[in-house]
There are 2 protein chains.
Amino acid sequence: MEYSFEKEGLRSIPDTFYPVEKLKDFTHMGTVKTYAKGSTIVFPDDENYMLIYVLSGRISVSVLADEEKEKLIYYTGENGIICARMYHMDNDNIYIVATQKSKVCYFSEEQLSTIFSQDNAIIFEIIKSFISKVRFCTKQNLELTYYNPTNRILRLLHEVYLSNGILVGDSYEICINLSLKFISQITGAHYVTVCRVLGYLKKQKIVEKIKNKIIIYDPDKLQELSNDNFFYRNIY
Amino acid sequence: MEYSFEKEGLRSIPDTFYPVEKLKDFTHMGTVKTYAKGSTIVFPDDENYMLIYVLSGRISVSVLADEEKEKLIYYTGENGIICARMYHMDNDNIYIVATQKSKVCYFSEEQLSTIFSQDNAIIFEIIKSFISKVRFCTKQNLELTYYNPTNRILRLLHEVYLSNGILVGDSYEICINLSLKFISQITGAHYVTVCRVLGYLKKQKIVEKIKNKIIIYDPDKLQELSNDNFFYRNIY
């Protein structure tokens, strides 16, 4: 699907916010590095303060809190930018990992300054990328404040259906690799809750998740359940 | 207290992220407007896409969701910037209000482009402001995911004590105008829960909130309670 900034307000998956394609023309000015799948790009105590631009692969940006609590901020693929570690911040606890084999380009503030003076428009691309991120985090906050974990899972599935569902026969299909772990990370619901809710939806023939695809058999029922605050108690 | 970007990682109150002082030199290029206390600066369906720079007063930025749910994103005072409405985004539902008499300056993308070409460093100030916002929203997410409402209130009070507590006699004082409503907005806890927790803390002589001030009588007990996941059930 083609990327559109205007649709950022409807985003349900934190993956590759506003891709800054124009930075590709300046990678010769930065430092390109390749990372194997699973390798750490930034540890919480690293002191390498740069903007990270993703050339290929897939990267996760997380924050670690006390008592080993971890929170995914977002994933990013090609043309995504990571600014979380551009500057030193006390207690930032940012943790960046290559979840697939990845190639990235590091830019220092000085290099970016030169790039911006050559192409002023890139600045506004970076601002759009940030607006998208703040927007999504705020939306997650709202979901966490007002909805219970079961509702959040149902609402996510319904949003994914609304934005990407394609009618195939009698049902809707969404080609998306949305793992149970990723659903848990997005919604803040426990992995076990995600398993239970998806098990229930499959049994009731409402939604089924198969490899790289989600099939929505009954979108109306899905919406109805996602609006029902009592569902959480009824399901177990 | 002097502002320091390095301390953004420890921020507990969403008020005036990274103040961009340098923009003050360019207000003659933008459009200055004054708003009375309580007046709306941006309605969700406004089509005036600009960066808003705060010259004086206090402004709240919120998002409205379905069923009249509202979520405060942040407040900002002098030198704060608001980029939430710089570009059109479907379904953005941003709502900006002057909570005190305020003076702001609007800058269009074109005007900013001219400003950036005159002073490249402002770009990095704006990036820092965004990094602070994403950082804080992520922290809120983490709190909402891992802690119950009572814990979140206690944790907030303990953080405020750690960052701003001043020893006065046998107790610590924090000069801060943190209303019950604001505590509720930050933590996502219900207003009634905030009242109950503060009532309990006062009765137990642990914390007392008076006008424009919070007094911490027993920081150790406060920390102990904020780490105790069973407290929520015990208090009522």
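Student: Which residue does the side chain of Glu159(A) meet in a salt bridge?
Tutor: Keep in mind that this is a predicted model. The closest N to O distance in the pair is 2.5 Å. The pair links distant parts of the chain, from Glu159(A) in helix H3 of chain A to a residue in helix H2 of chain A, 20 residues apart. That partner is Lys139(A).

Student: Is Lys139(A) buried or exposed?
Tutor: The cut-off for buried is under 20% relative accessible area. Lys139(A) comes in at 19%, so the label is buried.

Student: What about chain B: which residue forms a salt bridge with Lys139(B)?
Tutor: Look from helix H2 of chain B over to helix H3 of chain B, 20 residues apart. The closest N and O atoms are 2.5 Å apart, and both residues of the pair are buried. The partner is Glu159(B).

Student: How many salt bridges does the structure hold over all chains?
Tutor: The pairs Glu159(A) with Lys139(A) and Lys139(B) with Glu159(B) are examples of salt bridges. Over all chains, the count is 22.

Student: Which residue of chain A forms a salt bridge with Lys7(B)?
Tutor: This pair crosses between chains, starting in the segment before strand S1 of chain B and ending in the loop between strands S6 and S7 of chain A. Lys7(B) is partly exposed, at 47% relative accessible area. The closest N and O atoms are 2.9 Å apart, and the partner is Asp90(A).

Student: Which element gives the most to the side of chain B that touches chain A?
Tutor: There are 15 residue pairs in polar contact between the chains. On chain B, strand S5, helix H1 and helix H2 each supply at least two residues of the touching side. The top contributor gives 18 residues, and that's H2(B).

Student: How much area do chain B and chain A bury between them?
Tutor: The contact takes 52 residues from each of chain B and chain A. Tyr87(B), Met89(B) and Phe124(B) supply 13% of what chain B buries there, more than any other three residues. Carbon and sulfur atoms carry 67% of the total, which is about 4,800 Å².

Student: Which residues have the most contacts inside the largest nonpolar core?
Tutor: That core has 53 residues, and helices H1 and H2 of both chains are among the elements giving two or more residues to it. Leaving aside neighbours within four places in sequence, Leu51(A) is in contact with residues including Leu23(A), Met86(A), Phe107(A) and Ile126(A). The residues with the most contacts inside the core are Leu51(A) and Leu51(B).

Terms used: Residues numbered from 1 in each chain as written. Chains lettered and ligands numbered in written order. Predicted model: local features only at pLDDT ≥ 70, side-chain atom pairs only at ≥ 80, totals over all residues. Heavy atoms only, no water. Contact = heavy atoms within 4.5 Å. Buried area = accessible area lost by both parts, 1.4 Å probe. Polar contact = N/O pair within 3.5 Å; in protein donor to acceptor, adjacent residues only side chain to side chain. Helix = DSSP H or I, 4+ residues; strand = E, 2+ residues; numbered from the N terminus. Core = buried A, V, L, I, M, F, W, Y, C linked by side-chain atoms within 4.5 Å. Buried < 20%, exposed > 50% of the residue type's maximum accessible area, 1.4 Å probe, protein only. Salt bridge = Lys/Arg side-chain N within 4 Å of Asp/Glu carboxyl O.
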